[in-house]
Amino acid sequence: MAFTLRGSDRSMGCFFRRVAVEELDKALADLGADGSGAGPEGVHGARKHIKKLRALLRLVRAGFGD
């Protein structure tokens with residue numbers, strides 16, 4: 001799924017922050033953050049969401065400077 005810019009995103013910073021939080025929430029849900037346990041499928045799903053988050057961070061890395 002592609003990252004989608006919404007009308008409610010006031011700036012690119014808000015957009016990146018929203019997408020990052022969504023990916024982290026999905027990763028935690030896959031891991032069973034409610035204590036239900038993850039299992040192999042949950043771990044795999046969480047890793048995919050973390051990879052998407054890493055890709056997003058690579059896109060904005062240049063904007064952070066030193």
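**Figure 1. Leu56 in helix H2 of the predicted model**. Leu56 has a relative accessibility of 2% and therefore counts as buried, the limit for that class being under 20%. This residue lies in helix H2. Leaving aside neighbours within four places in sequence, Leu56 is in contact with Phe3, Phe16, Val19 and Ala20. The pair Leu56 and Phe16 is separated by 40 residues in sequence, yet the C-alpha atoms are 7.6 Å apart in space.

**Figure 2. The largest nonpolar core**. Five residues form this core: Phe15, Val19, Ala20, Leu53 and Leu56. Helix H1, spanning 12–31, and helix H2, spanning 39–60, are the elements that each give two or more residues to the core. The greatest contribution comes from H1, with three residues. In soluble globular proteins, nonpolar side chains tend to be buried together.

**Figure 3. Phe15 and its surroundings in helix H1**. Phe15, a member of the largest nonpolar core, is placed in helix H1. Because its relative accessibility is 7%, Phe15 counts as buried. When neighbours within four places in sequence are left aside, the contacts of Phe15 are Phe3, Thr4, Leu5 and Asp9. For one of these partners, Phe3, the C-alpha atom is separated from that of Phe15 by 9.1 Å, with the two positions 12 residues apart along the chain.

**Figure 4. Leu53 and its partners**. Leu53 is one of the residues of the largest nonpolar core. Not counting residues up to four places away in sequence, Leu53 touches Ala20, Glu23 and Leu24. Of these partners, Ala20 also belongs to the core.

**Figure 5. Packing of helices H1 and H2**. Two packed helices are described by the angle between their axes and the distance between the axes. For H1 and H2 the angle is about 165°, and the axes are 7 Å apart. The two helices are therefore roughly antiparallel to each other, a description that applies to angles over 145 degrees. Their crossing is left-handed. On the H1 side, the contact is made by Phe16, Val19, Ala20, Glu23, Leu24, Lys26, Ala27, Asp30 and Leu31. On the H2 side, the contributors are Gly42, Val43, Gly45, Ala46, His49, Ile50, Lys52, Leu53, Leu56 and Val60. Sorted by class, this contact comprises 12 nonpolar, three polar and four charged residues.

**Figure 6. Val60 in helix H2**. Val60 is found in helix H2 and is among the residues that make the contact with H1. A relative accessibility of 16% is the reason why Val60 counts as buried. The C-alpha atoms of Val60 and Phe16 are separated by 8.3 Å, although the two residues are 44 residues apart along the chain. Phe16 is also a contact partner of Leu56.

**Figure 7. Lys51, a partly exposed residue of helix H2**. The place of Lys51 is in helix H2. With 45% relative accessibility, Lys51 counts as partly exposed, whereas Leu56 of the same helix counts as buried at 2%. The C-alpha atoms of Lys51 and Glu23 are separated by 9.4 Å, and these residues lie 28 residues apart along the chain. Glu23 is itself among the residues touched by Leu53.

**Figure 8. The protein chain as a whole, for orientation**. The chain contains two helices and zero strands. Of its 66 residues, 24% are buried. Among contacts with a separation of 6 or more, 35% are accounted for by residues 24 or more positions apart.

Methods: Residues are numbered from 1 along each chain as its sequence is written. This is a predicted model: local features need pLDDT of at least 70, side-chain atom pairs count only at pLDDT 80 or more; totals for chains, interfaces and linings use all residues. Side-chain values use heavy atoms; hydrogens and water are left out. A nonpolar core is a set of buried Ala, Val, Leu, Ile, Met, Phe, Trp, Tyr and Cys residues joined through side-chain atoms within 4.5 Å. Buried means under 20% relative accessible area, exposed over 50%, partly exposed in between (1.4 Å probe, protein chains only). Helices (H or I, at least four residues) and strands (E, at least two) are DSSP runs, numbered from the N terminus. Contact means heavy atoms within 4.5 Å. Axes are lines fitted to C-alpha atoms, for helices over the stretch in contact, and angles run from 0 to 180 degrees between N-to-C directions. Angles under 35 degrees count as roughly parallel, over 145 as roughly antiparallel, 65 to 115 as roughly perpendicular and the rest as oblique. A crossing is left-handed if the near helix is turned anticlockwise from the far one by less than a right angle, and right-handed if clockwise. Ala, Val, Leu, Ile, Met, Phe, Trp, Tyr, Cys and Pro count as nonpolar, Asp, Glu, Lys and Arg as charged, and the others, Gly among them, as polar.
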